[in-house]
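Subject: Handing over the structure

Hello,

Here is the structure I promised to pass on to you. Have a look at it first, and then read on for what turned up in it.

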Amino acid sequence: KIKMSNDKVGYILNTLISSTKVEKPVEPEPEPETDSKTALRQKVVDKAKSALGVRYVFGGASMSGFDCSGLTKWVYDSVGYSLPHGADSQGKNYVRNVEFSKNDYSNVKIGDLVFFSRTAGRYSHVGIYIGNGKMIHAPQPGRSVEIQVISARGSSNQPTKIGRVIN
């Protein structure tokens, strides 16, 4: 018999109870940076830049038109990494979290994905970091794939996550 924090009483099988301390698993350290990883990240940036000027098309993932996650999917598919079409899925399931602050991108590498949220817990936009505080992305209908200074998005529209595909 147990009493929970909300004052409800419940029961648990004694076979499920252990006196051994359980620790949170530690995320494995990423492999050290290699020349081949650096070259692959540069290929990601070069491929993304080849799409500059292509118009925004909702659901698009080709040179006929891109939406934000269609661009990241198309770019990463071209270098052998399969991503789903959807910023939320990409951000939750296909990247390793990278520590950053809105004023410090020193841990961020070219090719990392930059995620934005309109509502907590859901990524609504994604771009590709290209260095020097800039990203390339497919912004919205009526516009084309472009390079943008991340800080120029305004204080209320800054990244909520940076994700690394190439570990």
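Which helices each supply at least two residues of the lining of the largest pocket? They are α2 (68-78) and α3 (87-93). Before going further, please keep in mind that this is a predicted model.

**The pocket**

The largest pocket has a volume of about 420 Å³. Its lining is made up of 24 residues, and those closest to the centre of the pocket are C68, R118, S124, H125 and P139. Helix α3 gives the largest share of the lining, three residues. Sorted by character, the lining has eight nonpolar, ten polar and six charged residues.

**Helix α2 and the cores**

Helix α2 is worth a longer look. It is mostly covered, with eight of its eleven residues buried. These buried residues are C68, S69, G70, L71, T72, W74, V75 and Y76. After α2 comes G80, which has a positive phi, near 95°.

Nonpolar side chains tend to be buried together in soluble globular proteins. In this model, the largest nonpolar core has 27 residues, and the members that touch the most others are F66, Y76, L113 and V145. Two or more residues of this core come from each of α1 (35-49), α2, β6 (113-116) and β7 (125-131). The largest share, five residues, is from α2.

To see F66 in its surroundings, leave aside anything up to four places away in sequence: F66 then touches A51, V54, R55, Y56, V57, G60, A61, L71, W74, A138 and V145. There is also a second, separate core of nine residues, with V98, Y105, V108 and Y129 among them.

**Salt bridges**

Side chains of opposite charge can pair when their charged atoms come close. How many salt bridges does the structure hold? There are four, and I will go through some of them here.

One salt bridge joins the side chains of D88 and K92, at 3.1 Å from N to O. Both residues belong to helix α3 and sit four residues apart, about one turn of the helix. D88 counts as buried because its relative accessible area is 18%, under the 20% cut-off. K92, at 44%, is partly exposed.

Another salt bridge is formed by R164 and D112, whose closest N and O atoms are 2.8 Å apart. This pair links distant parts of the chain: R164 is in strand β10 (residues 161-164), while D112 is in the loop between β5 (96-97) and β6, and the two are 52 residues apart. Are R164 and D112 buried or exposed? Both are buried.

R143 and E146 also meet through their side chains in a salt bridge, at 2.5 Å from N to O. R143 has a relative accessible area of 32% and is partly exposed.

**Around K134 and Q148**

K134 is placed in strand β8 (residues 134-137), and Q148 is in strand β9 (residues 146-149). Leaving out residues up to four places away in sequence, K134 touches I128, Y129, I147, Q148, V149 and I150. On the same basis, Q148 touches G133, K134, M135, H137 and R153. The C-alpha atoms of K134 and I147 are separated by 6.7 Å, and these residues are 13 residues apart along the chain.

Why does K134 count as partly exposed? Its relative accessibility is 34%, which lies between the 20% that bounds buried residues and the 50% that bounds exposed ones. Q148, with a relative accessible area of 16%, is buried.

Just before K134, take a look at the loop between β7 and β8, where N132 is found. Most residues other than glycine have a negative phi. The phi of N132, however, is positive, near 55°, and N132 is not a glycine. N132 is exposed, since its relative accessible area of 75% is over 50%.

If you would like a starting point on screen, try the pocket lining around C68 and H125, then follow α2 into the largest core. I hope you enjoy exploring it.

Best wishes

Methods: Residues are numbered from 1 along each chain as its sequence is written. This is a predicted model: local features need pLDDT of at least 70, side-chain atom pairs count only at pLDDT 80 or more; totals for chains, interfaces and linings use all residues. Side-chain values use heavy atoms; hydrogens and water are left out. On a 1 Å grid over the protein atoms alone, a cavity is a set of points where a 1.4 Å probe fits but cannot get out, and a pocket is an open set with protein on both sides within 12 Å along at least five of seven lines; lining residues have an atom within 4 Å of a point. Grid points are joined across faces, edges and corners, and a volume is the space filled by probe spheres set on the points. Ala, Val, Leu, Ile, Met, Phe, Trp, Tyr, Cys and Pro count as nonpolar, Asp, Glu, Lys and Arg as charged, and the others, Gly among them, as polar. Buried means under 20% relative accessible area, exposed over 50%, partly exposed in between (1.4 Å probe, protein chains only). Contact means heavy atoms within 4.5 Å. A nonpolar core is a set of buried Ala, Val, Leu, Ile, Met, Phe, Trp, Tyr and Cys residues joined through side-chain atoms within 4.5 Å.
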